[in-house]
Amino acid sequence: GEEAAAACPRDLLVTFTRGYAYRPDWSQASFVFLERALAWREEMGACGICFGAPPARRELFEELCPSGLIGHDSLGHLVVLE
């Protein structure tokens, strides 16, 4: 519904719109798959995961598995180490 669409992250809406643009029924397919994704996110609690407390021993994890931006490639694109 309209309320769910207003609460939906904009990047998720864009992903579904672009992801199914090749289909003749893209608007219907986008809606169906977006609805399924939103139900899954609700069921798994995916929307609140970023706002909770950091995981236990986070500092140790970051020390053992460094990640982040490490520079630019020859075309000027950011390079991320994961």
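Among what covers the buried residues of helix H3 is helix H2, and this report on a predicted model starts from that helix before turning to the loops and strands around it.

**Helix H3 and its two sides**

The buried residues of H3 are Ala29, Ser30, Leu34 and Ala37. When the helix is viewed down its axis, these buried residues fall within an arc of 120 degrees, so they line one face of H3. On the face turned away from this buried side, H3 carries the exposed residues Arg36, Glu42 and Glu43. The length of the helix can also be checked: at 1.5 Å a residue, the 19 residues of H3 should span 27 Å, and the C-alpha atoms at its ends are 26 Å apart, which agrees. Just after H3 comes Gly45, which takes a positive phi of about 70 degrees.

**Ser30 and the aromatic pair**

Ser30 has its place in helix H3 and counts as buried because its relative accessibility is 8%, under the cut-off of 20%. A polar atom of the Ser30 side chain lies 2.7 Å from the backbone oxygen of Trp26. If neighbours within four places in sequence are left aside, Ser30 is in contact with Phe16, Thr17 and Tyr20.

Tyr20 also takes part in an aromatic pair, and the count of such pairs comes to 1. The ring centres of Tyr20 and Phe33 are 4.8 Å apart and the ring planes stand at 10 degrees, so the pair is stacked. Because Tyr20 lies in the loop between helix H2 (10-19) and H3, while Phe33 lies in helix H3, the pair ties together parts that are 13 residues apart in sequence. Tyr20 is buried, with a relative accessible area of 18%, whereas Phe33 counts as partly exposed at 26%.

**Accessibility of selected residues**

The table gathers the relative accessibility of several residues discussed in this report.

| Residue | Relative accessibility | Class |
|---|---|---|
| Ser30 | 8% | buried |
| Tyr20 | 18% | buried |
| Phe33 | 26% | partly exposed |
| Arg57 | 62% | exposed |
| Glu82 | 83% | exposed |

**The loop that holds Arg57**

Arg57 is found in the loop between helix H3 (26-44) and helix H4 (58-64), and with a relative accessible area of 62% this residue is exposed. Its backbone deserves attention as well, since Arg57 has a positive phi of about 60 degrees although it is not a glycine. As general background, most residues other than glycine have a negative phi.

**The hairpin and the segment after it**

Strand S1 (residues 68-72) is hardly covered, for among its 5 residues the count of buried residues is 0. S1 pairs with strand S2 (residues 78-81) in the antiparallel sense, over 4 bridges, and within this pairing His72 stands opposite Leu78 in S2. The two strands S1 and S2 form a hairpin with 5 residues between them, and Gly76 in the turn has a positive phi of about 90 degrees.

Glu82 lies in the segment after S2 and counts as exposed, its relative accessibility being 83%. Glu82 and Glu62 are 20 residues apart in sequence, and from C-alpha to C-alpha they are 11 Å apart in space.

Notes
Residues numbered from 1 in each chain as written. Predicted model: local features only at pLDDT ≥ 70, side-chain atom pairs only at ≥ 80, totals over all residues. Heavy atoms only, no water. Buried < 20%, exposed > 50% of the residue type's maximum accessible area, 1.4 Å probe, protein only. Polar contact = N/O pair within 3.5 Å; in protein donor to acceptor, adjacent residues only side chain to side chain. Contact = heavy atoms within 4.5 Å. Phe/Tyr/Trp six-rings, centres within 6.5 Å; stacked < 30°, edge-to-face > 60°. Pairing = 2+ DSSP bridges. Expected span 1.5 Å × (residues − 1). Arc of directions from axis to C-beta.
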